[in-house]
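I set out to record, entry by entry, what I looked up in the structure shown here. The notes follow the order of my reading.

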Amino acid sequence: MALWTFFGLARGEATSDWPKPHAGSAEQDAVIGLPRISSKDCAPDCAACIAACPTEALRRSDPEAGQGESGNARIALDYGRCIGCQRCVDVCPAGILSASHEWALGTRRREDLVFDPHARHAAERLQQTMARVFKHSLHIRHVDAGSCNGCESELQALLNPFYNLHRLGIFFTASPRAADLLLVTGTVTAPMQDALLAAWEAMPEPKWVMTMGACEISGAMAREGYASGAGAHGVVPVDVYLPGCPPTPAAIMQALLLLLERAPQRLHGRRIHE
């Protein structure tokens, strides 16, 4: 213990300043995030990205979004299904899809995870859903409902000196009876549905649910399996959806702060708002 104390004093503070306003991008500049679609039109006979996507996250845009002036097609990307494999970026012949550094994409509604740069939806004002008592503290009960443990690795990183989740007044608890938020990872396999419901029912009111990871939101690579489900939606009420495979620790923190109304939602109205 004395040796580690000496190292700490010698090297100084290791914790990131994020999410303070001057802290920038939470040291995520080198992180390859989920793909982004440009406002250009696709060739009408091109579906290379749709065919390459292993989770069916890409599709043609809704008819209401219309077509380009040349009559070319447009595509939309469901971040709730996207695992960030970048295969669509690799096969896109026109450069419509590109790699990005987008990682802070937590939303309050499942439909907001569909990114369409052509959509004409107006940005909606976020509705307050958290009681004032939870503005500065939150206790989390995590339930692994069939995860590959990728999300769990990122959750563990929240407790290291760099991210230091406790400085934000956010803590993990072993008992659902002491929890405000149920954080769910995994596809919610059939054997885990009862356990998930039991944890939810044991939590006192008021209580919330956050789903984390593409497989938890949509099933992703494990969707429609004989034993796997398609996430917690439909099993328990969900308040925040966090896409990614897996989401980074900074993305998890941003989604938790979104729940607490201490961070804005950037993806809504089918557009990313800077």
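**Entry 1: the largest cavity.** I began with the lining of the largest cavity in this predicted model, and sorted its residues by class: ten are nonpolar, three polar and one charged. The lining comprises 14 residues. I noted those nearest the cavity centre, namely P35, C53, C82, C85 and C88. For the volume of the largest cavity I recorded about 80 Å³. I then asked how many cavities of 30 Å³ or more there are. The count is one.

**Entry 2: the second largest pocket.** I next looked up the second largest pocket, whose volume is about 220 Å³. It is lined by 18 residues, and I32, G33, L34, G244 and P246 are the closest to its centre. By class, I entered eleven nonpolar, five polar and two charged residues for this lining.

**Entry 3: aromatic pairs.** I searched for aromatic pairs and found two in the structure. For Y79 and F115, I read a distance of 5.9 Å between the ring centres and an angle of 15 degrees between the planes, so this pair is stacked. Where do the two residues lie? Y79 is in the loop between β3 (75–78) and α3 (87–91), while F115 is in strand β5 (residues 114–115), so the pair ties together parts that are 36 residues apart in sequence. I also checked whether each residue is buried or exposed. Y79 has a relative accessible area of 0% and is buried. F115, at 4% relative accessibility, is buried as well.

The other pair I noted is formed by F162 and Y163, and it is edge-to-face. Its centres are 4.8 Å apart, with 90 degrees between the planes. Here I recorded F162 as partly exposed, with a relative accessible area of 27%. Y163 counts as buried because its relative accessibility is 12%, and the cut-off for buried is under 20%.

**Entry 4: a charge over a ring.** I looked at W200 and found K207 lying over the face of its ring. The distance from the ring centre is 4.2 Å.

**Entry 5: helix α4.** Finally, I asked which residues of helix α4 (residues 150–157) are buried. I listed C151, E152, L155 and A157. I then traced what these buried residues pack against. Among the strands, I noted β6 (138–144), β7 (170–172), β8 (181–185) and β9 (208–212). Helix α7 (249–259) is also a packing partner of the buried residues of α4.

Notes: Residues are numbered from 1 along each chain as its sequence is written. This is a predicted model: local features need pLDDT of at least 70, side-chain atom pairs count only at pLDDT 80 or more; totals for chains, interfaces and linings use all residues. Side-chain values use heavy atoms; hydrogens and water are left out. Buried means under 20% relative accessible area, exposed over 50%, partly exposed in between (1.4 Å probe, protein chains only). Helices (H or I, at least four residues) and strands (E, at least two) are DSSP runs, numbered from the N terminus. Contact means heavy atoms within 4.5 Å. Rings of Phe, Tyr and Trp (its six-membered ring) pair if their centres lie within 6.5 Å; planes under 30 degrees apart count as stacked, over 60 as edge-to-face and the rest as tilted. A charge sits over a ring if NZ of Lys or CZ of Arg is within 6 Å of the ring centre and within 35 degrees of the ring normal. On a 1 Å grid over the protein atoms alone, a cavity is a set of points where a 1.4 Å probe fits but cannot get out, and a pocket is an open set with protein on both sides within 12 Å along at least five of seven lines; lining residues have an atom within 4 Å of a point. Grid points are joined across faces, edges and corners, and a volume is the space filled by probe spheres set on the points. Ala, Val, Leu, Ile, Met, Phe, Trp, Tyr, Cys and Pro count as nonpolar, Asp, Glu, Lys and Arg as charged, and the others, Gly among them, as polar.
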